[in-house]
Amino acid sequence: MAGKRSIFEEVGQEAPRAEAPKGGMIDAGRGGARGGIRAWLAVLFVLVVAMIAVGGLTRLTDSGLSITEWRPVTGALPPMTEADWQAEYAKYQASPEFQLQNQQMGLDAFKTIYWWEWGHRQLGRVIGLVWAAGFAFFWATRRIPPGWRGRLLLLGGLGALQGAIGWWMVASGLTGRMVDVASYRLAIHLGLAFAILGFIAWDMLSLSRSEPALLQARRAREGRLVPLATGLMHLAFLQILLGALVAGIDAGRAFPTWPLMGESFFPADAFYLPGGGSKILAFFENPGLVQFVHRIAGYLLLALAIFAWARARRSAHPATRGGFAWAGVAVFGQVVLGIVTVLHAAPLSLGLLHQLGAVAVWVMILRARHRAQYPVVASIRGAR
């Protein structure tokens with residue numbers, strides 16, 4: 001709008017132009033470094049994915065019980081001399097895994113499994129240091145956006161809890177006649193890793209847009225798709241926990257057939273437990289029944305993903321439609337990969353790939369949910 005003319009202004013004199021409004025006025029004075037924090041979270045995201053992969057390899061190579069002590073600080077240094085190696089080897093020789101299963105294992109073979117577990121723990125320390133250094137920097141320089149300090153502190157708290165749960169899990173395999181960690185504790189450990197990864201992914205998606213843009217997008221929230229995506233997210237998380245139970249008792253190698261389990265749809269001796277006990281425990285400890293439940297949950301997840309994709313096709317936002325489509329593709333690919341893994345009796349390479357596939361499924365579902373919660377409004381030119 002043009003400014004007011006002065007009564008002394010000569011006729012024909014050009015009126016002064018009003019200053020054009022500047023963008024980003026809502027964010028002015030708020031500070032924050034959304035781009036920098038997002039980059040820092042991206043590094044953490046990659047490290048957590050690597051941690052999940054290394055943890056899977058540690059489990060698949062039966063290396064998790066090679067270090068029998070929890071030393072968060074001094075344990076960062078590996079054995080440096082032959083005497084140090086002999087001392088660590090002697091501690092392992094006193095464990096149930098060695099005495100009941102690996103009595104033939106020599107020092108050289110022990111070093112192999114030791115390095116896997118040491119690398120797993122060391123990567124956890126690196127993640128903790130990266131989080132602490134990043135948070136300290138952004139907090140000291142007052143670059144954390146309003147309302148984000150608690151979210152970022154949550155990541156650090158969950159990371160510390162994960163370290164404690166990791167030792168709690170390992171300790172379960174160092175007593176009695178245990179030759180593996182307890183599958184229940186393994187499921188909790190893996191579940192928390194995926195929860196941390198989910199929080200990081202959600203925060204990265206939110207930081208990719210300005211706070212005013214998120215507030216405006218929230219008004220366009222797709223009420224029918226958000227509950228569907230939430231259900232899909234919960235079912236995927238349950239399937240991840242079931243996958244941990246499968247890995248914990250090597251149930252993936254129990255029935256290398258598909259679509260039947262052996263010669264029947266339901267596994268034979270599904271409720272048999274060698275040590276006896278309640279039949280309810282068979283859902284967690286019988287390899288055939290655990291694999292069967294994992295299969296059924298996979299089929300349900302695929303059916304729900306297809307249904308959610310079909311409903312999302314009605315969305316007016318291309319980004320939302322694409323988010324649900326990619327989630328469906330990820331779930332379908334994971335189901336196919338799971339079948340191939342079972343048919344080959346879950347070798348190390350396919351087992352690891354299947355675990356990384358779960359990461360892809362998890363992230364794609366979270367992305368679809370974020371798109372439904374905060375729709376990306378396309379321009380008229382970009383709309384379909």
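These notebook entries record what I looked up in a predicted model.

**Entry 1. Overall build**

I began with the secondary structure. The protein has 12 helices and zero strands, and I read its pattern along the sequence as α-α-α-α-α-α-α-α-α-α-α-α. I then turned to overall dimensions. The C-alpha trace spans about 105 × 55 × 30 Å along its principal axes. The radius of gyration is 27 Å, whereas a compact globule of 384 residues would have one near 21 Å. I also looked up burial and contact range. Buried residues account for 45% of the 384 residues. Of the contacts with a separation of 6 or more, 79% join residues 24 or more positions apart.

**Entry 2. The nonpolar cores**

Which residues touch the most other members of the largest nonpolar core? I found Trp40, Leu41 and Ile200 in that role, within a core of 69 residues. The elements that give two or more residues to this core are helix H1 (34–60), helix H4 (107–140), H5, helix H6 (183–207), helix H8 (225–248), helix H10 (287–312), H11 and helix H12 (348–373). H8 gives the most, with 13 residues.

I next followed leucine 41. Beyond its neighbours within four places in sequence, leucine 41 is in contact with Leu152, Leu155, Ile200, Asp203, Met204 and Leu207. Apart from the largest core I noted another, of 11 residues, among them Trp85, Tyr89, Phe98 and Leu107.

**Entry 3. Aromatic pairs**

How many aromatic pairs does a search of the whole structure find? The search gives 20. I examined tryptophan 85 and phenylalanine 110, whose ring centres are 6.5 Å apart; their planes meet at 85°, so the pair is edge-to-face. This pair links distant parts of the chain, with tryptophan 85 in helix H2 (residues 82–93) and phenylalanine 110 in helix H4, 25 residues apart. Tryptophan 85 and phenylalanine 110 are both buried.

I then checked tyrosine 92 and phenylalanine 98. Their ring centres lie 5.8 Å apart with planes at 70°, so this pair too is edge-to-face. Tyrosine 92 and phenylalanine 98 are likewise both buried. I traced a cluster linked by ring pairs through Trp85, Tyr89, Tyr92, Phe98, Phe110, Tyr114, Trp115 and Trp118.

I also looked up a charge over a ring. Arginine 151 lies over the face of tryptophan 148, at 4.0 Å from the ring centre.

**Entry 4. Methionine 169**

I located methionine 169 in helix H5 (residues 149–171). Is methionine 169 buried or exposed? Its relative accessible area is 9%, and it is therefore buried, the limit being under 20%. Not counting residues up to four places away in sequence, methionine 169 touches Val181, Arg185, Leu186 and His189. For one of these partners, arginine 185, I took the C-alpha to C-alpha distance from methionine 169, which is 5.2 Å across a sequence separation of 16 residues.

**Entry 5. Glutamine 334**

I placed glutamine 334 in helix H11 (residues 318–343). With a relative accessible area of 14%, glutamine 334 is buried. What does the side chain of glutamine 334 reach? I found it at 2.8 Å from the backbone oxygen of histidine 354. Leaving aside neighbours within four places in sequence, I listed the contacts of glutamine 334 as His354, Gly357, Ala358 and Val361.

Notes. Residues are numbered from 1 along each chain as its sequence is written. This is a predicted model: local features need pLDDT of at least 70, side-chain atom pairs count only at pLDDT 80 or more; totals for chains, interfaces and linings use all residues. Side-chain values use heavy atoms; hydrogens and water are left out. Helices (H or I, at least four residues) and strands (E, at least two) are DSSP runs, numbered from the N terminus. Buried means under 20% relative accessible area, exposed over 50%, partly exposed in between (1.4 Å probe, protein chains only). Contact means heavy atoms within 4.5 Å. A polar contact is a pair of N or O atoms within 3.5 Å; within protein, one must be able to donate a hydrogen and the other to accept it, and residues adjacent in sequence count only if both atoms are side-chain atoms. A nonpolar core is a set of buried Ala, Val, Leu, Ile, Met, Phe, Trp, Tyr and Cys residues joined through side-chain atoms within 4.5 Å. Rings of Phe, Tyr and Trp (its six-membered ring) pair if their centres lie within 6.5 Å; planes under 30 degrees apart count as stacked, over 60 as edge-to-face and the rest as tilted. A charge sits over a ring if NZ of Lys or CZ of Arg is within 6 Å of the ring centre and within 35 degrees of the ring normal. The radius of gyration is taken over C-alpha atoms; the globule rule is 2.2 Å times the number of residues to the power 0.38.
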